Each structure stands twice: as C-alpha cells, then as structure tokens.
Amino acid sequence: MSSHPLYISKAVYRLSRSPPSFPSSSCLLLLSFPCLTLHSSHLSMALLEISPSYAGSRVLPPNDLSSRPINPLLAFKNRLPSLPCSARRIPRILCSVSPNQVQAPVLSATPAGATSKRECFGVFCTTYDLKAADKTKSWKGLINIAVSGAAGMISNHLLFKLASGEVFGPDQPIALKLLGSERSFQALEGVAMELEDSLYPLLREVSIGKDPYDVFQDAEWALLIGAKPRGPGMERAGLLDINGQIFAEQGKALNDVASRNVKVIVVGNPCNTNALICLKNAPNIPAKNFHALTRLDENRAKCQLALKAGVFYDKVSNMTIWGNHSTTQVPDFLNAKINGMPVTKVITDVKWLKEEFTERVQKRGGVLIQKWGRSSAASTAVSIVDAIRSLITPTPEGDWFSSGVYSTGNPYGIAEDIVFSMPCRSKGDGDYELAKDVIFDDYLRERIKKTEAELLAEKRCVAHLTGEGNAYCDLPEDTMLPGEQ
C-alpha cells in the first residue's frame, strides 16, 4: 500500500460474530465493488449486516481469523487498489442447488506448505484509495507500527493512545501490525474488535498475526513489549535465555522484512540485554535505531524530585537514568535541574538524594505491585509514548531524555557493545545524539561502574544468542526489579 499514502475507511461492513446459516431457499449475495470512489466529504458510515439464522439450515464454516475461512465481504479486498474497474469481480449470486442444500462460495486451495499470513481485521480490510485529485495536503502517508505482546496489559493502554493521534500527531494516519501468540490470539482478536469499535479516524489499517516475519513487514516502528514474565523460582539467567530467544527471532524478522530505518523500542524485560540480542540479530539495521525503555524510570525520578522540592514535575529537567533497567540503575541527581538550577542547590539533603531518592526510584515498580497487586502497565504505556515523542519532537534547548542505547562510541568512558541508558537529545527526526555537557563525581562514577558490570555479565550470559560463542553466566547478584519475581 506504500504507493497509496492516503486511505479512507469509513464504509463499515460487519459480519455477525456467530456462524451464519441460511434457509434452503436462500441466495447468498457476494458483493464486490468494482468502481467505488469515496471522497473526503463522504464520511457517512455504511453498515451492512449479515446476521439472520434460520432453523434447519446448513451452517457455513465460521469466520476464524487464524485460518481465514469463508468471508465473502472481505474476500473481495485483495490489496490490489490499482486494478482497473473491468478487472474486478462483479456481484455474484449463489443460490440453493437443492431443497435441502446451500451452495457455499468456493475458495481457492491453499498451496501446500504455505505459512499463515498476518490478517487484516474487520473494517480495516475495507480500504478505499482517494483519487490523486482528491488527496489533501494536510494528511500524511501511513506509518506502519508493529507491536508485540499486543494482547497484554501494557498494549491495552498503548494501542489506543497510538490510534488517537496522541503520539504521532492529529494529521498522521497509522497502520497497526499486532503480534500475538497461539495462546493469546483470541484475546488479540478482542483487542482488534475494540479498536474497530472505537472509530479512530487516523487508524487506517489493523492486522494481526502470530509470525513476526509477517507482522513486521515494512514496519517503521517496532514496539517489542511481549516477553515471558519471571515465574516463582526462576533464576535471572533462565529468564535471560528464554526471553533472549524471543528477541533473537524478532531481530532476525526485523532484519529480513522491516523498513531499513525501523526504530525499535524494547520493553520486555530484561530490556537492555533483550535490545542487545535483538540488534545483534539485525545486522542490516543501524544499531543506533534500537532502544531499551528506561523512560519510566526517568519519569519516576522526576516525580520524586518534584515531591521533595515542592514543585510540579514539569519544573524538573535533565534527568538521566544511567545503566540497566534493574535495581542497579543510577538516577542521576548530580546533573538534574529544578527550575533551571542544579538539584543539589534546591534539595540540600545529600543523604536523602543518595539513599532514599535512589532507592525509591529503583524499587518503585515493586512497591506499586505490593500496593495494587498488578504491574505498572498504564504508566509503562505512557512512558513508551514519551519515549517515541522524544525522538520525533525536538528536545527543548539544554534538556535531554534517557534511553537505553548502543554504547559503542559513547563519550563517557562506559564499556562498549552493550545497551546502556544514557542522556540523549533529538532534532525530532527519529535520531538522537548523546549529550556531552554532563558532569561526573566519584559517587556517580562508582554507581555507573556497578550497573555496567551487571550488563557485561548479562552479555556473557547470552553470548550464544548474539553470535559471540558459548554463554557463561556469572551474574553478580539477582537484581531484577522487585515485584517481578
């Protein structure tokens, strides 16, 4: 669809959710619209329902998105918008062939060995292209956004923010490509139904699937949220291996089918090392394009400093989270500012900064789980939005933001070839540069060395997944964020 940047999909066709059945005398009308043009002024919604059922009739096969059986309304859309009118199918009517039988539409046989492709969902399969003369200058081409773990709690908050225009802007249409698993696929259909029912004008396409090689096709943003949670008795080394295999496979898929300039944000824990595994398996994509999410930690640190100083949190700037997304992370109060002044000039209680402030940020997620009984899905989704917007919006003069990025070539003396959270600035073009006007003291250096050592140990633990030989796990301690065990 890349040659058709603008789509109108306000004509809504719905099939009943239950398997349709027909009386013996019924006829089935297959609609295909050979020459339909929808102008921007024609935004009224058309609703076509096929829902009646009759006793004693023969039931057609159910509509199962995972196997794509008969779906007469969606069958006409074969993603061939450039075909001339004469080449498109005309309406056909299939009637009963005997008093007790109903003739079902005949589907072409699936080639042997064919893999399951990602599936467009419901109304999002019905896409109309405007004529060149009708295209407006105010709307942009579609952005393809792939999301893994799309049936999970974080995605349940995030997807609707993406669809609403809150992230990429009120004039930016998007296509969502949602990746699920065999176990979560039914829930993923439910997510797609909710997106369908929300009637977001900017959400032009939704596709769902279980194969990253299908779902990541042409992705320009990949938000990798899905990961196995840590279970009782599971050691961190085991979690690194299990989730590492997931991200190795997804890295290979991105390398093969995604946009060459895809931006990747890894959320699934342990996110720093998962991001390293992913980028090592995607050699054709710039390593600089991979991020591990540490924005939630930054947001938590800003909140704690604002509370202590008695100001609103928008007065806090230049907040850096150094290192790993674990309890070794380093919330940097030395370089942070409140109302443009160094934090240490506003909050003079250095003991509080070094001990209570740091521990509160490091353990905030665990405390939240203890209070609420569930993880911080909503605030994580907000932090993903913040992370994306920091890359597509110019950074305010003098400020910066935190992101886990590839450390090779960094100006801070941090070990190379790991994914390490550092202060970044962006011109709003999706790229970033590391902030250079950063100061260090012995305390900050010592803390950074500790989190660096942990990431180097994690890297050795997943060497078999990054192409660096046999793995050797010598993790210094179990530092997964509290509450995730």
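How many helices and how many strands does the secondary structure of the chain come to? The count is 12 helices and 23 strands. The model is a predicted one, and every value below was computed from it.

Some totals for the chain come before the details. The chain has 485 residues, and buried residues make up 49% of them. About 22,400 Å² of the chain is exposed, with carbon and sulfur atoms supplying 53% of that area. Contacts can also be sorted by how far apart the partners are in sequence. Among contacts between residues at least 6 apart in sequence, 77% join residues at least 24 apart. Several of the pairs described below can be read with that figure in mind.

Consider the charged side chains. Side chains of opposite charge can pair when their charged atoms come close. The structure holds 15 salt bridges. One of them joins the side chains of Glu468 and Lys280, with 3.7 Å from N to O. Glu468 lies in the segment after α12 (463–466), while Lys280 belongs to helix α6 (residues 271–280), so this salt bridge ties together parts of the chain that are 188 residues apart in sequence. Are these two residues buried, exposed or partly exposed? Glu468 has 36% relative accessibility and counts as partly exposed. Lys280 is partly exposed too, because its relative accessible area is 26%, and the class lies between under 20% for buried and over 50% for exposed. The pair also belongs to a wider group, since a network of salt bridges links Lys280, Asp417, Lys459 and Glu468.

A second salt bridge joins Arg360 and Glu356, at 2.5 Å from N to O. Here both partners lie in helix α9 (residues 350–372), four residues apart, which is about one turn of the helix. Arg360 is partly exposed at a relative accessible area of 40%, and Glu356 is partly exposed at 36%.

A third salt bridge is formed by Arg460 and Asp474, whose closest N and O atoms are 3.1 Å apart. This pair links distant parts of the chain: Arg460 is in helix α11 (residues 442–461) and Asp474 is in the segment after α12, 14 residues apart. Arg460 has a relative accessible area of 37% and is partly exposed; Asp474, at 30%, is also partly exposed.

Next come the strands. Strands of a sheet pair through backbone hydrogen bonds, either parallel or antiparallel. One open sheet in this structure has three strands in the order β16-β19-β20, and the pairing is antiparallel. Why is one side of β16 and one side of β20 left without a neighbour in the sheet? β16 (316–317) and β20 (341–342) stand at the edges and each has a single partner strand, so one side of each has no neighbour there. Two bridges join β16 to strand β19 (residues 337–338). Within this pairing, Ser317 stands opposite Lys337 in β19.

Another serine, Ser402, is found in strand β21 (residues 401–406). Ser402 counts as buried, at 3% relative accessibility. Its side chain reaches the backbone oxygen of Met319 at 3.2 Å. Leaving aside residues up to four places away in sequence, the residues that Ser402 touches include Thr294, Arg295, Glu298, Ile321 and Ser421.

The aromatic rings remain. A search of the whole structure finds nine aromatic pairs. In one of them, Phe160 and Tyr200 are tilted, with 6.4 Å from centre to centre and 55 degrees between the planes. Phe160 lies in helix α2 (residues 153–164) and Tyr200 in the loop between α3 (185–198) and β12 (203–209), so the pair ties together parts that are 40 residues apart in sequence. Phe160 counts as buried at 17% relative accessibility, whereas Tyr200 counts as partly exposed at 23%.

Trp322 and Tyr412 make an edge-to-face pair, because their ring centres are 5.1 Å apart and their planes stand at 90 degrees. This pair links distant parts of the chain, with Trp322 in strand β17 (residues 320–322) and Tyr412 in the loop between β21 and β22 (419–425), 90 residues apart. Trp322 is buried, with a relative accessible area of 0%, and Tyr412 is buried as well, at 5%. Finally, ring pairs link Phe333, Trp352, Phe357 and Tyr443 into a cluster.

Technical notes:
Residues are numbered from 1 along each chain as its sequence is written. This is a predicted model: local features need pLDDT of at least 70, side-chain atom pairs count only at pLDDT 80 or more; totals for chains, interfaces and linings use all residues. Side-chain values use heavy atoms; hydrogens and water are left out. A salt bridge is a side-chain nitrogen of Lys or Arg within 4 Å of a carboxyl oxygen of Asp or Glu. Buried means under 20% relative accessible area, exposed over 50%, partly exposed in between (1.4 Å probe, protein chains only). Two strands pair if DSSP finds at least two bridges between them. A polar contact is a pair of N or O atoms within 3.5 Å; within protein, one must be able to donate a hydrogen and the other to accept it, and residues adjacent in sequence count only if both atoms are side-chain atoms. Contact means heavy atoms within 4.5 Å. Accessible areas come from the Shrake-Rupley method with a 1.4 Å probe; for residues, only the protein chains shown count as cover. Rings of Phe, Tyr and Trp (its six-membered ring) pair if their centres lie within 6.5 Å; planes under 30 degrees apart count as stacked, over 60 as edge-to-face and the rest as tilted.
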